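This briefing covers strand burial and strand pairing. Please read it alongside the sequence and the model.

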Amino acid sequence: MSYKSILTVVTDPDLAESTVAHAAAVAIGADAHLDVMCFGVDRTQTGYYYAGANAMVLQETLTRASAEAEALAEQVRHILGRFEVRWGVEHGVAQLADIGRHVASRARFSDLVVLPKPYGKDHGVELEPVIEGSMFEGQVPVVVVPDDVEPPTQPKRVVIGWNESAEALRAVRAAMPVLKGADAVHVVVIDPPQHGPNRSDPGGMLSQYLARHGVKAEIDVLSKTMPRVSDVLMRHVSDINADLVVMGAYGHSRFREAILGGATRNMLEQAAVTVFMAH
């Protein structure tokens, strides 16, 4: 499998430059078509209007969001003009509570979604449901790129966060085109279980699976010497100078939808390199 249809989502003019540039870099590296969705976000909720508010108030917010979407689309087209990549731009309006569903409906027909980190200074609250909609409902792997990081067109040193979960295995399978092109792949196992069929060879089955795909992987077994697993993983990423992390994304059900679990949020909050995630 290869990535031929890549999607990104822009909701903030201040993040448009980095978001589009990152997505374009990934699309160029994969020789893929890049689709950009530009949303004007209506952050009001009808149920919370003050007493006496009427349809004119609602129309005003929708008109403002529509104008923002059109301005974003124009800005994105200008940015894309600098890149040698096949692209298309769509724009529309979404309410904050519903933006994840709109993204999911488009992400379903993409091979990969490239998005900015959802957390950080001046990052809007809509960025988290955009990621959630892509991964949980859209069922598409997501590449999350920190604002000040240039995503590698072809990662050279990749870390796989491995805990034998179904989510981690799906992430590995989805990232196989990337793994095959890497110079070094490290399967990181933190505090492997002391009981079970793989206790004497943590990561061994995954390493064999990767080898049959032509991926030579090293297994790094680490102790949980820091409060959070994400802390240990990111320290190791820094120690070996990796440029990509592949990991499963975990969530909790919420009215038949899903929200990012604490471990996934922790990882995204502190990630200093590009993260490839799948649910």
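Two strands are said to pair if DSSP finds at least two bridges between them. By that criterion β4 and strand β5 (residues 142–145) pair in the parallel sense, with 4 bridges. The model is predicted.

**Strand β4**
- Because 5 of the 5 residues of β4 (residues 112–116) are buried, this strand is largely enclosed by the rest of the structure.
- In a regular strand the side chains alternate between the two faces of the sheet.
- Leu112, Val114 and Pro116 are buried on one side of β4, and Val113 and Leu115 are buried on the other, so both faces are covered, where buried means under 20% relative accessible area.

**Neighbours of β4**
- Strand β1 (residues 5–10) pairs with β4 in the parallel sense over 2 bridges, and Ile6 stands opposite Leu112.
- In the pairing of β4 with β5, Leu115 stands opposite Val144.
- Between β4 and β5 the chain passes through helix α4 (residues 127–137), making a right-handed β-α-β crossover.

**Strand β12**
- Strand β12 (residues 274–278) is mostly covered, with 5 of its 5 residues buried.
- Its two faces are both covered: Thr274, Phe276 and Ala278 are buried on one side, Val275 and Met277 on the other.

**Neighbours of β12**
- β5 and β12 run antiparallel and are joined by 3 bridges; here Val144 of β5 stands opposite Val275.
- Strand β9 (residues 244–248) pairs with β12 in the parallel sense over 5 bridges, and Leu244 stands opposite Thr274.
- Val144 thus appears in two pairings, opposite Leu115 of β4 and opposite Val275 of β12.

Definitions and conventions:
Residues are numbered from 1 along each chain as its sequence is written. This is a predicted model: local features need pLDDT of at least 70, side-chain atom pairs count only at pLDDT 80 or more; totals for chains, interfaces and linings use all residues. Side-chain values use heavy atoms; hydrogens and water are left out. Buried means under 20% relative accessible area, exposed over 50%, partly exposed in between (1.4 Å probe, protein chains only). A crossover is right-handed if, with the strands pointing away from the viewer, the path from the first strand over the helix to the second runs clockwise.
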